[in-house]
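This report describes a structure chain by chain, beginning with a single pair of residues and ending with the places where chains meet. Please keep the sequence and the model in view while reading.

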Amino acid sequence: MKFGIYPGCSLTGSARDYNESVFALAEAFELEFTQIPDWNCCGATAAHNLNKELSLALPARILALAEKNGLDEIIVPCAACYSRLVVTQHELKKDPELKNRISEVIEMDYKGTSRILNVIEWIDKYIIPQLDAKIVNQFRYKVACYYGCLLVRPNKVLNYDRAEDPQTMDIVMTKLGATPIDYPYKTECCGAGFSISRTDIVSKLSGKIIEDAEHRGADAIIVACPMCHSNLDMRRPDINKYWKTEYNIPVIFVTQAIGQ
Amino acid sequence: MSDFEPKVVAFVCNWCTYAGADLTGTSRIKYASNVKIIRFPCTGRIDFMLLLKAFANGADGIIVSGCHPNDCHYTSGNFHAKRRWIMFKELMDFMGIDMNRITFSWVSAAEGAKWADVVNATVTRIRELGPYVSYKEMVDKSVEEEVKNG
Amino acid sequence: MARIGVFVCHCGENISATVDCGKVADTIGKLKHVAYSTEYKYMCSDPGQTLIKDAIREHKLTGVVVSACSPRMHEPTFRKACAEGGLNPFLCEMANLREHCSWVHEKNELTTEKAIDIIRTQVEKVKLNSALQPIRVPVTKTSMVIGGGIAGIQAALDIANCGHKVVMVERSPSIGGHMSQLSETFPTLDCSQCILTPRMVEVAQHPNITLYTYAEVESVEGFIGNFKVKIRKKAKSLDEKACTGCGLCTTKCPQKKIPNEFEQGMGMRPAIYVPFPQAVPNRPVIDKEHCTYYIKGKCKVCEIVCPTKAIRFDQPDEILDLEIGAIVVSTGFDIKHADFFPEYGYGKYKDVIDGLQFERLASASGPTAGAILRPSDGQVPKNIVFIACAGSRDPAKGIAYCSKICCMYTAKHAMLYKHKVHEGNAHVFYMDIRSGGKNYDEFVRRAIEEDYVNYIRGRVSTVYERDGKLIVKGVDTLLGAQPVEIVADMVVLATAGVANPGAEELAQKLHVSYDSHKFFAEAHPKLKPVETNTAGIFLAGACQNPKDIPDSVSQASGAAVKVAALFSQNGLTREPLVAFVNRTAPPMYSTCVGCFLCQSVCPYQAIEREDFKTRDGKIIKTVAKINEGLCQGCGTCVALCRSKSIDLYGYSNNQVYAEVVALLNEF
Amino acid sequence: MSHSEHHTERNSLAGSIESKVDVKAQKCYQCGKCSAGCPVADDMDLPPSVVMRLLQTEQPDNDDRILRSHSIWLCVTCEMCLSRCPMEIDIPSMMDYLRQRSRSEKKVNKKARNIIAFHKSFLNSIRFTGRLYELGLILDYKRQSLNLTQDISLAPKMISRGKLHLFPTMIKGTAHIARIFKKTSN
């Protein structure tokens with residue numbers, strides 16, 4: 001079985017640490033990846049905000065490249081990219097006419113047969129079964145599992161976990177030895193793509209997410225999305241300025257938690 | 001062909017379309033007099049062989065009409081009629097019967113005006129199609145062949 | 001030799017204005033087999049009818065065609081006239097010259113010709129009519145009421161008070177249903193138990209009512225007036241005659257930690273228990289699933305303490321065979337329970353409860369003796385939020401309908417809370433207030449105007465716990481969709497009313513239709529709201545759809561009248577326009593090949609199996625047989641029958657073929 | 001013949017949303033659950049449920065208000081509204097459509113300038129390189145939004161942590177990407 005990986009742009013840049021932890025984990029658990037050759041950006045929020053067709057064509061090219069290279073299963077660590085790829089697959093499956101149009105735009109055959117896994121699904125499927133054998137240090141902390149929006153929504157399209165109070169990451173973290181807290185902000189939005197254009201909104205929304213986790217005594221916030229990570233972590237000074245606070249709770253990628 | 005007046009037979013259920021046609025009357029809505037109605041308790045009772053019988057006896061067009069889905073007086077008779085109709089339609093199509101000569105519709109007891117529309121539309125269409133001579137020819141030929149083959 | 005009489009009506013000028021009635025009568029009169037043909041101004045008038053009666057006798061008519069208005073209008077009139085003239089009424093047909101001819105066409109040759117064609121068709125049909133006799137069906141004058149909630153109680157009492165026998169079957173150990181769980185009732189705020197308990201006792205004591213509690217319907221066969229019912233009386237592990245209801249066993253039972261169903265899980269009960277103090281009958285049952293003796297084989301404390309030695313551990317279930325004439329289904333409803341609302345934390349947070357749980361909290365006989373206390377810590381909630389439409393009108397959660405009762409009970413709950421916790425704040429999130437009903441809207445207004453309940457128009461997005469409080473995030477759509485956040489101590493969800501578990505199974509046993517939500521279906525949404533599509537089975541109460549007490553009671557009385565009407569005669573008379581399976585000489589018996597496809601399409605379960613046997617009892621052939629008591633004459637089986645073995649009186653194959661031929665050919 | 005066949009031609013915004021993105025504004029019964037759960041509702045001039053109501057009126061003035069609103073640009077596509085909507089109305093897809101209509105009709109709200117500038121910079125970045133060039137994006141955004149001083153302090157830290165590349169990574173299929181952009185730019 002050949003796994004493909006679609007790292008997405010953030011993982012080669014601002015979320016380099018996430019990328020490194022994913023690859024480190026794969027190595028430790030003897031899982032081999034093939035990067036989808038010559039992958040491009042999925043278009044993210046910008047594309048679907050401004051141009052629907054483009055927002056489908058960019059992910060379609062990625063999926064077509066994967067198919068071309070015989071990668072049936074693709075791991076997508078970035079929740080935002082994951083959402084874009086799955087939504088594209090869904091939309092094109094629903095509308096054969098649109099599928100033909102997009103195939104024509106990307107000048108490639110597109111079948112839509114790849115299985116797209118998010119990072120939790122990947123961990124659950126390939127890491128957890130051999131976790132006991134490999135784990136060095138238990139992650140004995142109280143954690144707030146923050147899923148963000150795009151890992152669970154749109155629920156009927158992604159068909160992954162439940163939209164309200166999801167549990168998959170909590171289960172993974174429990175298996176690592178952590179104690180997940182009851183956390184109502186699990187799927188509240190961090191401000192997403194407004195990181196640069198509306199830092200005030202990001203500070204406001206991410207601030208609430210951090211405040212509740214701190215208030216409930218979590219030692220760390222666990223995330224599975226580079227965008228959430230950058231908003232909760234990199235934007236911390238802005239958040240603290242906005243709320244006049246001094247939050248210092250760490251934000252850790254789920255893959256880093258396993259690698260600890 | 002301009003003075004051709006088609007013969008159209010309507011097979012209708014008692015509770016919806018027959019009552020709907022009564023309402024057309026009480027509303028004094030005029031429609032083509034070419035159509036003549038045969039009453040059934042339910043579209044579920046209509047044996048589609050009757051359609052062939054009607055064509056064989058010189059009908060140029062046929063209307064089958066009953067209660068709207070879910071409105072059947074007998075709960076599900078129209079549903080069974082529809083199911084059988086789907087099968088029968090294919091069979092008739094296969095046999096070479098001109099499906100344009102058959103109208104299948106739902107007319108409720110409250111749709112007097114709709115009944116007039118259904119009749120007029122059917123009569124106009126059949127008038128354009130002309131007399132259904134090919135059916136008679138088809139039957140005659142098959143009878144001939146049967147006789148020939150003993 | 002057929003002798004048909006044709007009577008052409010002018011209907012004043014309604015027919016004669018566009019149809020040349022004289023010509024019609026003349027032309028028809030010349031047809032073969034038409035012995036008499038005439039015209040008259042008003043056929044339905046007394047002289048008109050006399051004309052028909054006289055002609056029948058004078059011309060020895062064997063069939064009559066009245067050519068007038070729609071048969072849907074006057075068929076019964078003219079059939080009656082024929083009967084009075086000495087002709088079997090089913091030998092009379094009508095030709096619809098008015099609605100289907102004179103009123104819808106212009107005055108011309110073609111219209112008159114069409115009138116002639118219509119009559120000719122009916123003449124050919126009536127020649128093939130058979131003289132039929134009305135079908136008589138015997139009726140067993142005992143009814144069965146399934147479900148002993150308020151609807152069942154009302155129906156049973158009404159039928160019993162008409163002097164007829166009633167068997168009431170109740171699944172749980174006591175009658176009373178959901179109404180017995182309620183605190184006070186809208187719009188009068190009278191205590192539910194106070195008005196219900198006397199009715200329950202009346203049921204138990206009524207000489208015409210036999211009550212079986214802890215019993216379920218096992219099977220139902222037969223048809224209107226003649227149902228054969230099997231009832232399973234589950235073992236109560238008790239000799240009910242010996243038991244005095246002293247209650248000693250229930251206090252001594254060592255197993256005390258079973259969630260109490262009656263208290264909606266907010267209290268505990270022992271394994272031998274009476275569901276609630278006012279239960280009828282007031283006798284305990286042993287819950288075998290939780291009883292230590294049944295689980296581990298030892299204990300028997302109840303047996304030891306029982307002063308009358310009434311405990312029977314080895315009691316088996318009992319099956320009763322009953323002959324029943326009519327059935328009232330009143331099995332009630334349920335509400336949506338836990339995990340239906342993860343965004344509201346229902347089932348996760350103890351202080352997020354449903355409406356029935358609130359009823360128990362507010363009930364003087366409930367687990368808190370009527371004090372409104374949070375389940376988590378027993379504190380009085382200072383801020384309480386009620387969420388209406390929790391699940392109702394929510395197609396995304398599979399329930400598109402309005403549960404109808406929640407608006408009113410939510411107003412009542414808020415009011416009861418304010419009456420008990422004067423310093424508290426009650427908030428109600430609602431989408432619409434549906435308070436149609438006598439004194440209903442006034443009641444809601446009272447909650448708002450006099451008890452200062454804070455009504456907020458908007459749905460709640462999420463509820464979560466923080467520091468022992470419940471954070472309710474909603475919106476006020478009347479303020480331009482302004483977000484509203486309330487820090488509450490307790491949240492009450494008006495969860496959707498749904499069909500009872502087991503409703504589907506019961507509907508199948510009864511051969512009664514049900515809708516996609518498993519609520520029982522009425523025969524007609526407007527004109528037959530208490531009938532089902534199976535003759536002799538009626539509906540009462542919330543098993544049909546969520547209903548409040550007044551509606552349930554009214555419908556129950558309606559159902560009772562249907563039963564009483566059925567029982568008011570010694571038998572049942574039905575129109576004989578039913579299907580029949582042909583019979584031929586042995587050894588064939590019938591052309592029916594016994595495929596029973598007809599059985600699968602019959603909406604009335606009117607098709608039975610009939611065995612033909614040799615003298616020594618060996619079955620030679622099994623064919624279909626129509627139960628005339630059940631058949632409604634739709635004819636679906638006739639059209640479907642592959643061997644053409646079934647036919648329908650009044651619309652026989654010969655008749656409709658004759659009609660088609662007559663309509664299209666000139667004789 | 002079903003009743004739905006008797007529809008008259010609708011020229012309203014709601015009508016085009018129905019035909020283009022298969023979202024039926026008339027389904028909304030104004031419960032407000034979308035606005036209640038929307039993380040940015042209190043910053044919006046028109047919370048989502050109000051947008052739905054305005055659409056239902058099918059009045060040109062109201063359609064115009066929507067297309068000129070700040071709200072449609074503040075929507076972060078977190079999908080909470082759709083996830084909780086009892087009528088399963090796909091507001092996020094509808095918002096995408098409204099944004100595109102707002103731009104094509106040149107009715108974009110002034111306050112949304114920064115947001116659009118960012119989106120444009122983002123797409124510009126991938127148009128030429130195939131992947132996001134974060135530093136390029138920030139510089140281009142600063143040029144477009146004239147927001148020159150923002151995040152100046154972040155950059156050196158990120159560059160030193162290897163999180164911000166000084167030069168873009170070019171994929172091989174840049175010409176391919178450029179064609180995709182061209183074909184979809186209508």
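Which residue in β2(B) is the bridge partner of B:Val8? The bridge partner of B:Val8 in β2(B) is B:Val35.

## Basis of the report

This is a predicted model, in which local features need pLDDT of at least 70 and side-chain atom pairs count only at pLDDT 80 or more, while totals for chains, interfaces and linings use all residues. Residues are numbered from 1 along each chain as its sequence is written, and chains are lettered from A and ligands numbered from 1 in the order in which they are written.

## Chain B: strands and overall form

The pair B:Val8 and B:Val35 belongs to a longer pairing. Strand β1 (residues 8-13) of chain B runs parallel to β2(B), and six bridges join them. Two strands are said to pair if DSSP finds at least two bridges between them. Helices (H or I, at least four residues) and strands (E, at least two) are DSSP runs, numbered from the N terminus. Strand β2 of chain B, residues 35-40, is mostly covered, with six of its six residues buried. A residue is buried if 20 or more other C-beta atoms lie within 10 Å of its own, exposed if 12 or fewer, and partly exposed in between, with C-beta atoms placed from the backbone. On one side of β2(B) the buried residues are B:Val35, B:Ile37 and B:Arg39, and on the other they are B:Lys36, B:Ile38 and B:Phe40.

Chain B as a whole has five helices and four strands, and from the N terminus on its elements run β-α-β-α-β-α-β-α-α. Its radius of gyration is 16 Å, which agrees with the value near 15 Å for a compact globule of 150 residues. That radius is taken over C-alpha atoms, and the globule rule is 2.2 Å times the number of residues to the power 0.38. Along the principal axes, the C-alpha atoms of chain B fill a box of roughly 55 × 40 × 20 Å. Of its 150 residues, 53% count as buried. Among contacts in chain B between residues at least 6 apart in sequence, 83% join residues at least 24 apart; two residues are in contact if their C-beta atoms, placed from the backbone, lie within 7 Å.

## Chain A: strands, a covered helix and the core

In chain A, strand β5 (residues 142-145) has parallel partners. Two bridges join β5(A) to strand β6 (residues 179-180), where the bridge partner of A:Lys142 is A:Thr179. Three bridges join β5(A) to strand β7 (residues 220-223), also in the parallel sense, and there A:Val143 has A:Ala220 as its bridge partner. Helix α12 (residues 226-234) of chain A is mostly covered, since eight of its nine residues are buried. Among them are A:Pro226, A:His229 and A:Asp233.

In soluble globular proteins, nonpolar side chains tend to be buried together. The largest nonpolar core here has 411 residues, and those with the most contacts inside it are A:Ile222 and A:Val254. Such a core is a set of buried Ala, Val, Leu, Ile, Met, Phe, Trp, Tyr and Cys residues joined through C-beta atoms within 7 Å. Not counting residues up to four places away in sequence, A:Ile222 touches nine residues named here: A:Val143, A:Ala144, A:Cys145, A:Tyr146, A:Met169, A:Met173, A:Ile252, A:Val254 and A:Ala257.

## Chain C: domains and extent

Chain C is assigned domain 1 (4-132), domain 2 (142-234 + 317-332 + 502-567), domain 3 (248-305), domain 4 (335-498) and domain 5 (579-649); these bounds come from an automatic or database domain assignment. The centres of domain 4 and domain 5 of chain C, taken over C-alpha atoms, are separated by 57 Å. The secondary structure of chain C comes to 18 helices and 34 strands.

Chain C has a radius of gyration of 33 Å, whereas a compact globule of 667 residues would have one near 26 Å. Its C-alpha trace spans about 95 × 75 × 40 Å along the principal axes. Buried residues make up 52% of chain C.

## Where the chains meet

Four pairs of chains are in contact, and chains A and D share the most contacts. This contact takes 41 residues from chain A and 44 residues from chain D. On the side of chain A that touches chain D, α3(A) gives the most, with seven residues. By contrast, no contact joins chain A and chain B, whose closest C-alpha atoms lie 28 Å apart.
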